[in-house]
Amino acid sequence: MTALSNETDFPVDRAVQDAQRVMAQRRAGCPVGHVHAGASHGEGWLVTRYDDVMSLMTDPRVKRDRRNVPEQDTGEGHESLLYLDPPDHTRIRRLVNKTFTPRAVEHLRPKIEQLADELLDRMAEQGEVDLISAYALPIPMLVICELLGVPEDDRADFTAWSEAINGTQDDPAVKREAYAYLEKLVADKRTRPGDDLLSALAVAASEEGGALSETELLHNAELLLVAGHDTTVFLIANTVLALLGAPEQLAEVRAEPGLLPAAIEEVLRYDSPVNISSQRWTTEPVTLSGVTVPVGQPLLVSVMSANRDPARFDDPDRFDTHRDQSARHLGFGHGIHYCPGAPLARMETHTAVGKLIERFPDLRLAVSPDALTMRDSLLMHGPTTLPVRLS
Ligand code: HEM
């Protein structure tokens with residue numbers, strides 16, 4: 001393969017551990033450049049400015065499905081929303097929108113409240129906890145189990161399996177078990193639909209094209225699991241981190257809980273749980289910030305970086321609960337792939353953080369913020385553990 005122009009050094013470890021600073025350097029000096037991000041992260045054209053990210057998210061020359069990119073077509077695709085283009089995306093997204101309703105979200109609220117209270121009771125018996133494993137992780141896990149209709153008796157095993165599907169657990173035997181379980185679950189929902197989102201998707205038929213195929217249903221169940229899990233864990237964790245780092249704003253939110261939704265919205269901008277969104281491909285040359293990305297190239301689109309772009313946001317490195325929201329962050333994406341789980345993620349985070357700060361008025365970090373280790377991922381952005389003192 002010929003060398004690409006705009007090939008740039010990319011310090012992968014630093015880009016994970018010191019993500020905001022590395023992205024700030026790229027936005028200023030090399031807003032669009034080709035990077036090799038190591039074996040686990042692949043390669044592609046890293047795009048870091050708000051206007052470029054926004055335009056790529058609605059550019060019809062940019063595709064998600066490799067089968068629509070002649071230079072990249074291996075004949076294989078993942079038939080879930082994130083990796084499909086219209087018209088397949090449109091057909092399936094319509095079904096998801098039809099089933100993922102405000103009512104479905106509200107139905108989950110009491111269950112989340114109850115679990116949060118139970119977890120907080122358990123935590124209260126300890127002086128110091130890792131907030132991720134003790135609190136931020138179990139809440140989205142419950143939500144995924146409810147959405148997929150995982151029977152109570154299977155939930156303990158399902159937690160390990162979901163880590164295998166998520167990629168945080170590498171044991172191939174567990175992975176095989178996990179996919180076998182998901183396949184069985186999907187087959188069950190088709191024959192015996194229950195009161196869950198997966199069943200609703202299994203039985204729903206669209207006006208234009210019938211129901212979801214077996215593969216589409218399986219792949220979208222997998223997507224719900226992956227897309228709804230770590231993202232929410234990190235939104236909870238990053239919200240707690242941002243508030244603990246701004247004690248006056250935390251005091252204000254405690255005194256006026258109605259400010260919490262604005263604080264969460266600001267975290268989606270200031271410390272976005274999604275850094276680089278899943279891959280897109282050019283099907284024609286595309287020019288961004290004066291750089292032309294050739295045809296058939298992978299694009300690494302950084303939502304996290306776009307959200308700190310000084311060309312879009314005043315004083316972008318400042319966490320400000322009172323920020324005017326009209327500049328519109330891209331934390332949930334934009335365009336046809338905009339996150340359908342956004343209302344659910346907001347509700348989960350609001351419930352979790354609201355109850356936590358109310359319950360523990362002396363909540364504080366148990367380590368210095370610099371000592372936190374970030375998840376080894378360029379896709380997700382958040383700490384692996386969050387040690388806090390509760391009293
Ligand atoms: C804080 C939590 C969350 C964040 C920050 C987040 C972020 C995002 C972003 C940025 C995208 C667009 C990706 C792109 O265009 O490349 C997306 C898509 C998606 N999200 Fe979320 N998400 C969150 C929670 C959830 C939850 C709870 C669910 C469901 C259980 C979910 C399901 C999805 C799905 C299915 C898509 C693909 C939609 C499509 O391609 O049409 N997300 N999310």
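**Exercise 1. The ligand shell**

Work out how the residues of the shell around the ligand divide into nonpolar, polar and charged in this predicted model.

*Solution.* Start with the count: 25 residues surround the ligand. Sorting the shell by type gives 15 nonpolar, nine polar and one charged. Next, look at which residues come nearest to the ligand: these are Gly228, Ser277, Gly333, Cys339 and Gly341. Finally, trace the shell back to its elements: two or more residues each come from helix H11 (214-227), helix H12 (230-244), strand E7 (276-282) and helix H16 (342-359).

**Exercise 2. The five-stranded sheet**

Find the order of the five strands in the open sheet with mixed pairing, and name its edge strands.

*Solution.* Reading across the sheet, the order is E1-E2-E10-E7-E3. The edges are strand E1 (32-36) and strand E3 (62-63), each of which pairs on one side only. Now zoom in on the E3 edge: E3 pairs with E7 in the antiparallel sense, over two bridges. As one example of a bridge partner, Lys63 has Trp281 in E7.

**Exercise 3. The three-stranded sheet**

Say which strands stand at the edges of the open sheet of three strands, and why one side of each is left without a neighbour there.

*Solution.* This sheet has the order E4-E12-E11 and antiparallel pairing. Strand E4 (128-130) and strand E11 (364-365) stand at the edges; each has a single partner strand, so one side of each has no neighbour in the sheet. For E4, follow the pairing to strand E12 (residues 387-389): three bridges join the two, which run antiparallel. Within this pairing, Asp130 stands opposite Pro387 in E12.

**Exercise 4. Ala136**

Decide whether Ala136 is buried or exposed, and give its surroundings.

*Solution.* First place the residue: Ala136 is found in helix H6 (residues 131-136). Then apply the cut-off of 20 or more other C-beta atoms within 10 Å. Ala136 is buried because 30 other C-beta atoms lie within 10 Å. Setting aside neighbours within four places in sequence, the contacts of Ala136 are Leu131, Val233, Ile236, Ala237 and Ala352. Thr232 also deserves a look: its C-alpha atom is 7.9 Å from that of Ala136, although 96 residues separate the two along the chain.

**Exercise 5. Helix H8**

Compare the reach of helix H8 (residues 155-166) with the expected value, then list its buried residues.

*Solution.* H8 has 12 residues and reaches 16 Å from its first C-alpha to its last, close to the 16 Å expected at 1.5 Å a residue. Its buried residues are Phe158, Trp161, Ser162, Glu163, Ala164 and Ile165. Their cover includes helix H7 (138-148), helix H9 (172-191) and H11. To finish, step past the helix: Gly167 follows H8 and has a positive phi, near 95 degrees.

Key: Residues are numbered from 1 along each chain as its sequence is written. This is a predicted model: local features need pLDDT of at least 70, side-chain atom pairs count only at pLDDT 80 or more; totals for chains, interfaces and linings use all residues. A residue is near a molecule or strand if its C-beta atom, placed from the backbone, lies within 6 Å of it. Helices (H or I, at least four residues) and strands (E, at least two) are DSSP runs, numbered from the N terminus. Ala, Val, Leu, Ile, Met, Phe, Trp, Tyr, Cys and Pro count as nonpolar, Asp, Glu, Lys and Arg as charged, and the others, Gly among them, as polar. Two strands pair if DSSP finds at least two bridges between them. A residue is buried if 20 or more other C-beta atoms lie within 10 Å of its own, exposed if 12 or fewer, and partly exposed in between; C-beta atoms are placed from the backbone. Two residues are in contact if their C-beta atoms, placed from the backbone, lie within 7 Å. The expected span of a helix is 1.5 Å times one less than its number of residues.
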